Amino acid sequence: MEIKATKFNSETRPIISGLIAIAISSVLTLICTPAIGVVELANIVMVFLLSTFLVAITLGRNAAIVSAFSNVAFFDFFFVPPRFSFSVDDGQYLITFLVMLIVGLVTAHLAAKLKDQIKDVLARERLAKALQNLSRGLFSASTEEQIIQVAKATLEKPIGVDIELFLTDSPQELKKSKFDSQAITWAIQSGNRIFHEIDDFDGSSIIFIPVRAELKTFGILIASDPTRSIRKHGLDDLLQTASNLIALAVAQLRSIKSEEASKVEAATERLKSAILSSLSHDLRTPLTTMIGLAENLQARTHGLDEESKKDLETIRGQGMRLANMIGNLLEMARLQTQGPTLKKEWQPIEDVLGSSIKHFNESFADRKVELHLPANLPPMYFDEVLIERVLSNLLENSAKYSNLDALIDIEVAVSSKSLTISVKDSGKGFNQDPEKLFEMFARGISDTKQTGMGVGLAICKTIVEAHDGNISVRNNSNGIGSTIEFTLPIYPYPELDKP
């Protein structure tokens with residue numbers, strides 16, 4: 001009903017305005033008729049011109065044009081001799097009529113143009129105020145729901161359009177809305193606004209504007225105008241600016257939430273590492289004392305029977321294993337909090353392999369390890385301490401998950417760009433996803449009775465990747481045991497300065 005009433009007013013308004021202009025000319029004629037013979041006709045002409053000017057200001061251009069013609073007609077018929085006739089005795093009155101008509105039309109045009117400009121300025125002022133209120137409201141919004149509420153509250157009533165704001169970049173979520181789904185999809189995907197002069201749904205003018213900032217679409221703003229004047233007074237540009245402000249507010253809000261989540265996550269990781277480090281230190285100190293006392297007792301074997309010596313060796317061996325586990329925990333805590341600090345030097349990989357095997361044999365005296373080295377190994381650039389820890393963890397891992405008489409093979413292969421070290425065992429292999437074995441606290445075989453906390457391979461992965469290498473695990477093709485291998489990049493050996 002509102003739309004029909006609006007159409008009716010827009011169609012009948014010019015007719016009513018023209019009738020009013022004619023009525024004003026009639027009234028002026030009645031007022032000025034008694035002044036004939038008392039006032040010069042030239043002064044009466046000025047009164048008619050003044051009425052045209054006033055009609056132009058109050059009723060617009062069309063009414064002013066009607067007023068200009070009706071004034072000439074009334075002046076000729078009622079004031080110019082012979083009266084009550086459109087004929088004139090003096091031809092000079094034709095010039096008067098022409099001047100009246102020209103001045104009336106020009107005045108009507110200028111006055112109407114001035115009125116339109118004033119109307120446009122007032123409309124733009126209203127739009128600017130709405131935009132200012134939107135900006136102020138968005139600044140204080142702390143959730144996306146509040147952003148939607150602010151947009152509707154500050155735009156709908158002040159600018160006279162219906163606003164719908166959807167903060168989603170998925171057109172599929174808006175399929176059930178009352179608006180054209182194709183227009184929504186195209187606007188979101190292309191990043192351009194779409195204008196429908198007459199919408200099929202309710203006959204309104206409607207505009208689809210993507211809410212977009214920093215090359216990312218956050219949603220879509222849909223404005224419908226029942227008066228179909230959405231492009232007047234820069235209203236479409238204002239809605240585009242409003243959409244840009246909303247996009248910036250959404251981007252800022254999401255950035256703040258992401259930053260807060262990152263801070264919480266970082267604080268959680270620091271707390272976890274601090275607790276882990278503290279527990280490890282508290283455990284390692286008494287453990288070191290216990291191992292030292294056991295070794296002292298072993299050094300004084302006089303008076304001890306064989307069973308007591310065996311118990312002492314068990315205490316020392318289990319203590320060493322526990323100390324190694326705690327050492328891994330400390331190392332992982334350090335790597336997570338500080339990151340790997342590399343002290344790379346040029347050195348032969350053979351030395352590190354030999355040192356690792358020697359230390360391994362001290363803890364696993366009954367295990368056999370075979371090392372296969374190719375000829376002409378290049379010098380490597382790596383951190384000796386960290387790579388030795390990788391090898392020690394891999395050897396210990398192979399020993400724990402294979403039989404006592406099983407052989408552990410270490411093979412070294414060289415390509416043009418990298419060196420590959422493979423540690424192969426004859427155990428049960430792995431049942432889990434190989435990639436998950438390198439996660440913290442992941443165990444290779446869940447029902448194993450072997451000791452360990454599942455941090456050794458995680459440490460290996462961190463150290464190898466810090467050297468720009470890769471580490472992987474696979475079950476052997478013959479179905480017996482598994483192989484863990486890692487690579488280290490081969491860098492060009494620096495040339496020494498010649499004397």
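On the surface of this predicted model, a patch of positive charge brings together Arg13, Lys115, Lys119 and Lys232. One member of that patch, Arg13, belongs to helix α1, which covers residues 2-32.

The description can turn from the surface to the sheets. Strands of a sheet pair through backbone hydrogen bonds, in either a parallel or an antiparallel sense. One open sheet in this model consists of 5 strands, arranged in the order β6-β8-β9-β11-β10 with mixed pairing. Its edges are formed by β6 (368-372) and β10 (471-475), each of which pairs on one side only. Averaged over the sheet and with direction ignored, neighbouring strands are turned by 15° against each other.

Both edges of this sheet can be followed in detail. At the β6 edge, the neighbour is strand β8 (residues 407-414); the two strands run parallel and are joined by 5 bridges. Within this pairing, Asp409 of β8 is the residue opposite Glu370. At the other edge, β10 is joined to strand β11 (residues 482-489) by 5 bridges, and here the strands run antiparallel. Ser472 has Glu485 of β11 as its bridge partner. The connection between β10 and β11 is a hairpin with 6 residues between the strands. In its turn, Gly479 adopts a positive phi of about 80°.

Another open sheet contains 4 strands, in the order β1-β4-β3-β2, and its pairing is antiparallel. The edge positions are held by β1 (162-166) and β2 (194-196), each pairing on one side only. From one strand to the next, the twist averages 15°. At the β1 edge, 5 bridges connect this strand with β4 (residues 216-225) in the antiparallel sense. Phe166 faces its opposite residue, Ile220, in β4. As a general principle, the side chains of a regular strand alternate between the two faces of the sheet.

Several loop residues deserve attention for their backbone geometry. The peptide bond leading from Pro81 to Pro82 is cis, and its omega is near -10°. Pro82 is located in the loop that connects α3 (61-78) with α4 (92-140). The loop between α3 and α4 also holds Phe84, whose phi is near 60°, a positive value in a residue other than glycine. Asn376 likewise has a positive phi, near 60°, and is not a glycine. The position of Asn376 is in the loop between β6 and β7 (380-382).

The remaining topic is the pairing of charged side chains. Side chains of opposite charge can pair when their charged atoms come close. Across the whole structure, a search finds 11 salt bridges. One of these joins the side chains of Arg254 and Glu144, with an N to O distance of 2.7 Å. Because Arg254 is in helix α7 (residues 235-299) and Glu144 is in helix α5 (residues 144-159), this pair ties together parts that are 110 residues apart in sequence.

Methods
Residues numbered from 1 in each chain as written. Predicted model: local features only at pLDDT ≥ 70, side-chain atom pairs only at ≥ 80, totals over all residues. Heavy atoms only, no water. Patch = residues over 30% accessible without salt bridge, like charges linked within 9 Å, V, L, I, M, F, W, Y side chains within 5 Å. Areas by Shrake-Rupley, 256 points an atom, 1.4 Å probe, with all protein chains shown as cover. Salt bridge = Lys/Arg side-chain N within 4 Å of Asp/Glu carboxyl O. Lys, Arg positive; Asp, Glu negative; His and termini not counted. Charge placed at Lys NZ, Arg CZ, Asp CG, Glu CD. Pairing = 2+ DSSP bridges. Axes fitted to C-alpha atoms, helices over the stretch in contact; angles between N-to-C directions.
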